[in-house]
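Here is a friendly walk through a structure with more than one chain. Take a moment to turn the picture around before reading on.

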Amino acid sequence: MRERYYYIGFVIAIAVIALIQPFLNYFYKILVTQILIYSIFAMGFNILFGYTGELSFGHAIFFGLGATVVGLCADHLSLGFLTSIVIATIVALGAAWLIGFFAIRVTGLYFAIITIIFSQIIYLATLNWKWIAGGDDGFTFRIPSWKIMGMTVSFHNLQIAYYFGLLFFVLSFLLYKRIIDSPYGKVLKSIRENEGRASVVGYNVMRLKLTSFIISGGFGGLSGALYAALVSHYTSANLFTIAVSGNPVIWTLVGGAGTVIGPVIGTGIMVLFIHFISTTIREYLMLIGILIIVVIVATPRGIMGSLITYYRRKTENEAMA
Amino acid sequence: MVMIGQIVIGGLNGIVWGLILALITIGLTLILSMDIPNVAHGELYMIGAVIGYFAIDYLGFFWIGLLIAMFTVALIGMGIERGVLRTIEKDPIRILIATFGLIFVFQHVALLTFGGAPRRIDPPMTASFSIFGFHYPLYRIFVALISVIVLLGLYLFLYRTKFGLWIRASTQNRDMAMAMGIPVNAIFMWTFALGAALASVGGVLSSPIIAIEYSMGLEMTVLAFIIVIIGGIGSLKGTLIGAILIGELEGISSALLNPTIARMISLIVLVIVLIARPRGLFSK
């Protein structure tokens, strides 16, 4: 019964986002497209952090790789939209597999620290080796248009980008929900709750953590690829910085790690928040740092997590009365 | 001949750099032994160098500036331990995220006060001696000596004094130490301050050699954790040897190749260690 309400709510939300497009001005169209695409990044991160209980501070690698591979595909090979995005996602999955393969060897929290090490050194490489992502300056590129039945579909058109962002958001969300509800997702949760017990019951914890990291890296790569192909048409070494790695952390924390819709809500709130404060406060990243600390100290469950606990407590009290 | 000279100079630089790294990473190992995965350790090093820069600029005395930076960063460390980390103790994943947030705070405080351009502190001594036709600054040899003295002092402090014994006991078994009447909470605060002070000493000593930049903290965090993981987490001896090894490796490979490749080589060494000995070279 509750499941059905979820789906009805989801369909209504998607319909609203699809229908309000003509009424939005230029900046809000970009913002909504950004939120939809970034949400994919946050959902992937949530599979790793919220459901498996494993942290990564290096997810910029996958986002940056996604964007850079799309850029290189468009620039050097003039590949089409879908082909570049598929290649970019596969490259991100491969990178996640390689990094995860090494990182999984250390126990506990050092996994997250290895991801920082890899991400900073890859950032250093992209900064100094300009053939990868054009260094600090980056490079712009054009995505070739589609020609269907005499019509031209240009990916540099904001309305097209908006609907493609929405389409990929819906597809990713359905995949994400499917992963979480699957038996595999339930095992991931059991690792988060009690790693030792999950391993004693017979699950290969190392392998499951690794696959969770790879899936989450793939979502990150897809998000970066879509961002470059639909919104910015640009890539640079700055997509590999720690600030980009911090994004899914704060989005997921604010929305509520380990809740289905939390990361999406967190992304929406934070993107709007940063959009409004970055025009007045130049060093807004400092505020992000303070916010990370405040949220982790005061409300580690985030918005959705707190709401869920509140309702659970309320219904329990009513049942008792 | 020029090649050999370069290697010798690179090797000397490597020893100096390795000893500075040892100061910083042993500070990190002390903090890690309290189950505080502090990814903002490099930021303490950076903020130490920045405070040192301002103090030396204002006072004109290098050594007084060094002391001021050391005590200020120790105070900042205490503040972090009491104000932030103590509220979420025994939950390492939250501590990890909180220290991750601290990276942004420190970086942007430095950016606001110090600016984005790299700056250097003037060395307190300008004499140099010549070796293989290169002029080698005497200051670097002096830095190596100071580092050795500090490390020796730290060894005596940890293994020959009551306070050092308390630190080792509290980090080994917290509850047991508490049961024995050791003031564990205070010890943890002082140990964090000690670790932070060591990082800041490394920062001030190295800033006449490499320029201070707001982003250098994160690079140091990366290097420090590479060293800690290679040496074996929690092992002071492993950390010391790891620091000299990585310092030497980066010194020689930066002299012959370039700094980016040098960092790549450190990463490759880390990866090899992770495959061959995932618990580090000197794990207990």
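## What counts as a helix or a strand

Helices here are DSSP runs of H or I with at least four residues, strands are runs of E with at least two, and both are numbered from the N terminus. Keep in mind that you are looking at a predicted model.

## Chain B as a whole

With those terms in hand, chain B can be described as having eleven helices and two strands. Following the sequence from start to end, the order in chain B is α-α-α-α-β-β-α-α-α-α-α-α-α. The radius of gyration of chain B is 19 Å, close to the 19 Å that the globule rule gives for 284 residues, so chain B is as compact as a globular protein of that length.

The C-alpha trace of chain B spans about 65 × 50 × 35 Å along its principal axes. Of the 284 residues in chain B, 49% are buried. Now take the contacts in chain B between residues at least 6 apart in sequence: 77% of these join residues at least 24 apart.

## A helix on the inside

Find helix α9 of chain B, which covers residues 216-231. This helix has 16 residues and reaches 22 Å from its first C-alpha to its last, close to the 22 Å expected at 1.5 Å a residue. Is α9(B) largely enclosed or left open by the rest of the structure? Because 15 of its 16 residues are buried, α9(B) is largely enclosed. Just after α9(B) comes B:Gly232, with a positive phi near 105°.

## Where chain B touches chain A

How many residues of chain B are in contact with chain A? There are 36 of them, and they are in contact with 30 residues of chain A. Helices α4 (92-113), α9 and α11 (259-276) of chain B each supply at least two residues of this side. The largest share, 16 residues, comes from α4(B). By type, the residues on the side of chain B that touches chain A are 29 nonpolar, four polar and three charged.

## Meeting chain A

The partner, chain A, has 14 helices and four strands. A compact globule of 321 residues would have a radius of gyration near 20 Å, and chain A agrees with this at 20 Å. Along its principal axes, the C-alpha trace of chain A spans about 65 × 45 × 45 Å.

In chain A, 47% of the 321 residues count as buried. Among contacts in chain A between residues at least 6 apart in sequence, 78% join residues at least 24 apart.

Definitions and conventions. Residues are numbered from 1 along each chain as its sequence is written. Chains are lettered from A and ligands numbered from 1 in the order in which they are written. This is a predicted model: local features need pLDDT of at least 70, side-chain atom pairs count only at pLDDT 80 or more; totals for chains, interfaces and linings use all residues. The radius of gyration is taken over C-alpha atoms; the globule rule is 2.2 Å times the number of residues to the power 0.38. A residue is buried if 20 or more other C-beta atoms lie within 10 Å of its own, exposed if 12 or fewer, and partly exposed in between; C-beta atoms are placed from the backbone. Two residues are in contact if their C-beta atoms, placed from the backbone, lie within 7 Å. The expected span of a helix is 1.5 Å times one less than its number of residues. Ala, Val, Leu, Ile, Met, Phe, Trp, Tyr, Cys and Pro count as nonpolar, Asp, Glu, Lys and Arg as charged, and the others, Gly among them, as polar.
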